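Student: Before we go through the terms used for this model, could you set each value against its definition as we proceed?

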Amino acid sequence: MRPRHYTLTPAAVRAHAQLLCQKHFRLADHGPKCTAGVLWTILFYAACRISSIAAACKALREAPSDSAVHDALLATLPETHELQRRVNRALQGDLPKALRRRRQPLAIDLHLVPYHGKPLRDLAEIYRSQAKSGTCSFHAYATAYVIRKGQRFTVALTSVQRGEALHEVVQRLLKAAAKAGVRPRYLLLDRGFCSVAVIRYLQAARYPFLMPLPLRGRKLDHSKGPSGSRVFATWKRSGWSRYTLTDASKRTATVQVCVKCRNLRGERGKHGRQALVYAYGGGLKPGSYQWVKETYRSRFAIETTYRQLQQARIRTCTRDPLLRLLYVAVALILRNVWVWLHWQVLAERRRGGRRVDTNRLTFRAMLLWLQHWAETLLGIRDEIETKNPMYE
């Protein structure tokens, strides 16, 4: 019996993405031209072209004006807390059942979008961090991401305000993931989360975690020698230890430490030994130094997610954090749709698990499909009125 063959089309991809978004966001029609379907088409088109809503409306012949789209979004979108809840439901709408059957490794990280303007209502809207792209002001978002081959879904998204405690951000992400039935086997976090408050929360909640240990204290060339966590950087052989962190209010948190030493072998023009220092706890029991190193390396898949987010994030100069959250959410939802297509439709089903080949449909190719479909639906403005002819 010959195997059946099916065809995946841009119309089917667009219909699935729009149905998923509309099911959870529930945008309402705002006039005869700004229907929910037209709004999603324009949002997808702007995301696919990495452009603004104004540029998208200008390029599509039958699209409403950008001010009409802007007013329609503000009129139909809920307040920030409810929007975040709907965003997470949309992100979790296509999760395979296999992710809910057993605990999964989760990566948590912050994504900072540079911002060069003033806040709309409150200074807390603007997150402050190290300078990047010529500014220290950002709109910050935290995500939780499943680290599983072929099923690398973003399962939770939340905005982060200035001065907000990071352990509250982690708690909010894990709570949102738990509502979808995704429970962490262990957490992989960036070094920015290595603080007393976060560690105490993870230990109290009994979440196994692994993260780099920031090096603090006197440096190696100090007359009194190194101190604090910098002592671990002087190790020449891999080993295990313990370390106690202390914050400004004199609260402490003790973590287990793994030091993995390796030879640089001319990497980036450097030679000699390098000590990679990791903090872990919450019941995590690593079997070897190499396991710690390789497990944490898998966290960098979330950086790929952020790179793909930039390929589909609508550009804007608006000061409204509500619209900015929506634009980031649209990019992550489209990426989740791409992951779902590969797992559910394009994967080769065989004994021992499905074989996923992302080269069959790259993320950029899927975005081009959505772009061409929007141009077919609303028409492309490919002519400009002029006052003078090309040739006299």
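Tutor: W338 is buried, with a relative accessibility of 9%. This is a predicted model, in which local features need pLDDT of at least 70 and side-chain atom pairs count only at pLDDT 80 or more, while totals for chains, interfaces and linings use all residues. Residues are numbered from 1 along each chain as its sequence is written, and side-chain values use heavy atoms, with hydrogens and water left out.

Student: Why is W338 called buried?

Tutor: Buried means under 20% relative accessible area, with exposed being over 50% and partly exposed in between, for a 1.4 Å probe and protein chains only. The 9% of W338 therefore counts as buried. F363, at 3%, is buried as well, and so is Q308, at 7%.

Student: What makes W338 and F363 an aromatic pair, and is the pair stacked, tilted or edge-to-face?

Tutor: Rings of Phe, Tyr and Trp (its six-membered ring) pair if their centres lie within 6.5 Å, and planes under 30 degrees apart count as stacked, over 60 as edge-to-face and the rest as tilted. By this rule the count comes to 11 aromatic pairs. For W338 and F363 the centres are 5.7 Å apart and the planes meet at 65°, so the pair is edge-to-face. W338 lies in helix α11 (residues 321-346) and F363 in helix α12 (residues 363-378), so the pair ties together parts that are 25 residues apart in sequence. Helices here are DSSP runs of H or I with at least four residues, strands are runs of E with at least two, and both are numbered from the N terminus.

Student: How do you know that R299 sits over the ring of F300?

Tutor: A charge sits over a ring if NZ of Lys or CZ of Arg is within 6 Å of the ring centre and within 35 degrees of the ring normal. R299 lies over the face of F300 at 5.2 Å from the ring centre, so the distance condition is satisfied.

Student: Which residues does Q308 contact, beyond its neighbours within four places in sequence?

Tutor: Contact means heavy atoms within 4.5 Å, and with those neighbours left aside Q308, in helix α10 (residues 301-310), is in contact with R335, W338 and F363.

Student: What makes a set of residues a nonpolar core?

Tutor: The set consists of buried Ala, Val, Leu, Ile, Met, Phe, Trp, Tyr and Cys residues joined through side-chain atoms within 4.5 Å. The largest such core has 126 residues, and those with the most contacts inside it are F25, I42, L334 and M366. Its largest share, 18 residues, comes from α11.
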